[in-house]
Amino acid sequence: MPWIAKFPGVPESASAARRLVREALGDDPRAADAELIISELVTNAALHSKSGQGGSVWVELRYSPACVRIEVADEGSRDGLPAHRAPDELSNFGRGLMLVDSVADSWGAHNDGDDLRCVWAELTSTAEEQSRTQNRLPISRGV
């Protein structure tokens, strides 16, 4: 079952997105990594897309024992798809996608038409983790 939410296109929406992850994943061992990923993707959408100009950011989280999939859609930008940039060593910014790349098992981006851009990331689990979480029922909560 997916958890879907719409947030204002501001960097502060990252905290609400992290809260969504905590509620959806509970004590799943991938929850902390999922919180980091969603925080980076929502912040990037707010800072680097048209969503940050009074628009919105959409978040979709899908959970299964085998995979957590995070999707963040924004209103696009002139720059097209997101890309790694070499961060300035003295800067506090510019490392978001490098963090996502180092934490996620896979990630990517695509344009959804109508100027919407979606960045996704997946966290998979080992067979042992899957067996531990197999009997856990996700909490269903409307957002």
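The following paragraphs describe the fold of a predicted model, from its overall composition to its sheet and the packing of its helices.

In this predicted model, the secondary structure of the protein amounts to 4 helices and 5 strands, and these elements follow one another from the N terminus in the order β-α-α-β-β-α-β-β-α. Of the 143 residues of the protein, 41% are classed as buried. The accessible surface was computed at about 8,000 Å², with carbon and sulfur atoms contributing 50% of that area. Among the contacts in the protein with a separation of 6 or more, 65% are accounted for by residues that stand 24 or more positions apart.

The 5 strands are arranged in an open sheet whose order is β1-β2-β3-β5-β4, and the pairing within this sheet is antiparallel. The edges are formed by β1 (2–8) and β4 (106–111), each of which pairs on one side only. On average, and with direction ignored, neighbouring strands of this sheet are turned by 15° against each other. In general, the strands of a sheet pair through backbone hydrogen bonds, in either a parallel or an antiparallel manner.

Within the sheet, strand β3 (residues 67–74) runs antiparallel to strand β5 (residues 117–124), and the two are joined by 8 bridges. Along this pairing, R69 is placed opposite E122 in β5, while E71 is placed opposite W120, likewise in β5. Strand β5 also pairs with β4, again in the antiparallel sense and over 6 bridges, and here H110 lies opposite C118 in β5. The hairpin made by β4 and β5 has 5 residues between the strands, and in this hairpin G113 adopts a positive phi near 75°. Because 7 of its 8 residues are buried, that is, under 20% relative accessible area, β5 is largely enclosed by the rest of the structure.

Helix α2 (residues 31–48) connects the description of the sheet with that of the helices, since this helix lies across β2 (56–63), β3 and β5 and runs at about 10° to β3. Helix α2 also packs with helix α1 (residues 13–25), the angle between them being about 150° and their axes lying 8 Å apart. This angle makes α1 roughly antiparallel to α2, and the crossing in which α1 passes α2 is right-handed. On the α1 side, the residues that take part in this meeting are S13, A14, A17, R18, V21, R22 and L25, whereas α2 contributes A31, A34, E35, I38, S39, V42 and T43.

A further helix pair is made by α2 and α3, whose axes come within 9 Å and cross at roughly 150°. The two helices, α2 and α3, are therefore roughly antiparallel to each other, and their crossing is left-handed, whereas the crossing of α1 and α2 is right-handed. From α2, residues D33, L36, I37, E40, L41 and N44 meet G96, L97, L99, V100 and V103 of α3.

One of the α3 residues in this meeting, L99, may be considered individually. L99 is found in helix α3 (residues 96–103) and is partly exposed, with a relative accessible area of 33%; this assignment follows because the value falls between the limits of 20% for buried and 50% for exposed residues. When residues up to four places away in sequence are not counted, L99 touches L36 and E40, both of which are listed among the α2 residues that meet α3. L99 and D33 are separated by 66 residues in sequence, and their C-alpha atoms are 9.9 Å apart in space.

Definitions and conventions
Residues numbered from 1 in each chain as written. Predicted model: local features only at pLDDT ≥ 70, side-chain atom pairs only at ≥ 80, totals over all residues. Heavy atoms only, no water. Pairing = 2+ DSSP bridges. Axes fitted to C-alpha atoms, helices over the stretch in contact; angles between N-to-C directions. Contact = heavy atoms within 4.5 Å. Buried < 20%, exposed > 50% of the residue type's maximum accessible area, 1.4 Å probe, protein only. Areas by Shrake-Rupley, 256 points an atom, 1.4 Å probe, with all protein chains shown as cover. Parallel < 35°, antiparallel > 145°, perpendicular 65-115°, else oblique. Left-handed = near helix turned anticlockwise from the far one by under 90°.
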